[in-house]
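This report walks through selected strands, charges and contacts of one protein model. Keep the sequence and the coordinates at hand while reading.

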Amino acid sequence: SEELKSEIRMPKSESSPTPKIRKRPGDDVRADFGLAGTSPGDRGGAAPQHRRRSRCVRPTWPHLRICASAQGGASLTWLGVFPNGETSEAWGVSADGQTVVGAAYTSGITRAFRWTASTGLVDLGGFGGNLHFAQGVSADGSVVVGYSRDASGNFRPFRWADGTLAALPMLSGARWGRALGVSADGDTVVGEFGLGAGRRRAFRWSSSGGTQDLGILPGGQEWSAAAAVSADGNVVVGSAQIGNTYRAFRWTPETGMQNIDTLNGAFSQAHAVSADGATIVGQWQTPGSNRLEVFRWRAGIGMESLEVLPGGTWTDAFGVSADGRIIVGQAQTANGDTVAVRWREGVGWEDLNTVYGELLTPETVLLSATAISPDGRYIVGFGYNALTDRGEAYLLDTIPEPSALLALLSGCALLCRSLRRRV
């Protein structure tokens with residue numbers, strides 16, 4: 001298993017030029033997506049595996065046994081793979097945690113998927129090529145966005161809704177494109193187009209306004225890419241080139257594209273934005289060092305560094321809660337391992353493998369947390385599942401349903417009253 005985990009690696013760039021900076025896993029196209037050398041799983045068509053470890057408390061009343069999953073009701077669901085598949089990764093989650101989107105590798109083809117507990121992984125299709133990625137999902141789970149390689153080998157941004165996959169209109173002169181973020185209602189999509197000769201352009205699409213070129217930073221080069229959008233579709237974040245480096249930007253219809261990097265490091269790039277557009281998170285490189293740290297930008301406050309795990313040299317952020325107080329991502333530990341992490345205001349960085357270790361079987365590792373629901377409850381990403389000996393997408397529910405707790409307490413109260421009457 002150690003050899004297998006060591007083969008989980010960052011994506012390799014394809015024909016489209018890529019700046020030599022750390023990007024969020026899955027941003028660049030994977031020629032050999034997933035884990036090399038793995039054998040196809042034998043549970044591809046099975047129902048999603050839902051593991052809950054129980055801790056049972058026996059009160060003094062006879063016959064009464066109350067059980068709850070580890071961490072006060074937290075649960076971990078491994079999403080599995082397609083039949084005869086090898087790996088899967090999750091990149092987006094709906095507001096209620098019931099819909100997860102991502103990509104899964106099967107027999108030389110990377111397939112975009114949409115998952116629910118009732119349907120399992122559902123292939124969203126593509127445009128004739130062999131690489132297809134789902135990157136974002138609307139709040140209610142009904143709209144999915146991503147990108148798909150067509151028969152000619154170029155990527156096309158897509159929007160999936162009502163069971164239909166549709167290519168988004170390209171900017172004039174664009175050779176390829178990727179959709180990377182979507183608004184809460186699914187009507188606004190953001191991403192990037194490749195214009196050739198090393199040029200890229202951030203875009204924003206809506207059903208009413210069509211495809212919009214978001215331009216470049218003042219005084220910058222012909223390179224910009226949008227990574228995420230606010231719930232209402234009016235705040236777009238990403239990165240753009242200035243000189244020989246890249247800076248995180250925030251775009252609105254009123255202000256246009258603005259450089260938000262006040263730390264002035266070697267580079268910065270924005271990966272996620274809160275629902276109201278007031279909090280932006282991403283990664284930056286500290287001046288004169290190789291340390292890659294997470295930043296949090298807040299309206300009226302500016303950019304602050306959240307540093308790294310103790311002993312590590314890099315941390316990255318891929319998702320943020322609606323209130324900007326919870327961030328998820330990936331980090332290096334003191335011994336060089338890569339792990340999924342969460343940052344909470346007032347708490348700092350936490351290794352999810354430590355916080356939710358009771359949900360993990362031996363040798364299982366959560367490697368990255370790629371998205372979080374607006375309320376901070378649901379986290380998705382990918383990891384190594386020792387039970388199946390492969391890389392898999394996961395859904396982590398960090399808080400029990402209030403209704404479930406009420407039902408449990410009500411049931412216990414009724415049972416206690418019944419037992420008292422018998423005594």
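In what order do the four strands of the open sheet with E21 run? The order is E21-E22-E23-E24, and the pairing is antiparallel. Note that this is a predicted model.

**The E21-E24 sheet**

Two strands sit at the edges: E21, residues 267-273, and E24, residues 302-307. Each of them pairs on one side only. Neighbouring strands of this sheet are turned by 30° against each other on average, with direction ignored. Strand E23 covers residues 292-298. Five bridges connect E23 to E24, and the two run antiparallel. Within E24, Ser305 is the bridge partner of Phe295.

**The E13-E16 sheet**

A further open sheet of four strands follows the order E13-E14-E15-E16. Its pairing is antiparallel. Here the edge strands are E13 and E16, the latter spanning 210-213. Both edge strands pair on one side only. From one strand to the next, the twist averages 30°. E13 and E14 run antiparallel and are joined by six bridges. One residue pair shows the register: Ala179 stands opposite Gly191 in E14.

The two sheets can be set side by side.

| Sheet order | Edge strands | Average turn between neighbours |
|---|---|---|
| E21-E22-E23-E24 | E21 (267-273), E24 (302-307) | 30° |
| E13-E14-E15-E16 | E13, E16 (210-213) | 30° |

**Charges**

How many salt bridges does the structure hold? There are 16. One of the salt bridges links Glu192 and Arg178. The closest N and O atoms of this pair are 2.5 Å apart. Why does the pair tie together separate parts of the sequence? Glu192 lies in strand E14 (residues 188-196) and Arg178 in strand E13 (residues 176-182), so the salt bridge ties together parts that are 14 residues apart in sequence. E13 and E14 are also the strands joined by six bridges.

Which residues form the negative surface patch? Six aspartates form the patch: Asp96, Asp140, Asp185, Asp232, Asp276 and Asp323. Where does Asp323 sit? Asp323 is in the loop between strand E25 (315-320) and strand E26 (326-332).

**In brief**

Both sheets described here are open, four-stranded and antiparallel in their pairing. The Glu192 and Arg178 salt bridge connects E14 with E13. The negative patch is built from aspartates, including Asp323.

Terms used: Residues are numbered from 1 along each chain as its sequence is written. This is a predicted model: local features need pLDDT of at least 70, side-chain atom pairs count only at pLDDT 80 or more; totals for chains, interfaces and linings use all residues. Side-chain values use heavy atoms; hydrogens and water are left out. Patches are made of residues with over 30% relative accessible area and no salt bridge: like charges are joined within 9 Å, nonpolar side chains (Val, Leu, Ile, Met, Phe, Trp, Tyr) within 5 Å. Accessible areas come from the Shrake-Rupley method with a 1.4 Å probe; for residues, only the protein chains shown count as cover. A salt bridge is a side-chain nitrogen of Lys or Arg within 4 Å of a carboxyl oxygen of Asp or Glu. Lys and Arg count as positive and Asp and Glu as negative; His and the chain ends are not counted. The place of a charge is taken as NZ of Lys, CZ of Arg, CG of Asp or CD of Glu. Two strands pair if DSSP finds at least two bridges between them. Axes are lines fitted to C-alpha atoms, for helices over the stretch in contact, and angles run from 0 to 180 degrees between N-to-C directions.
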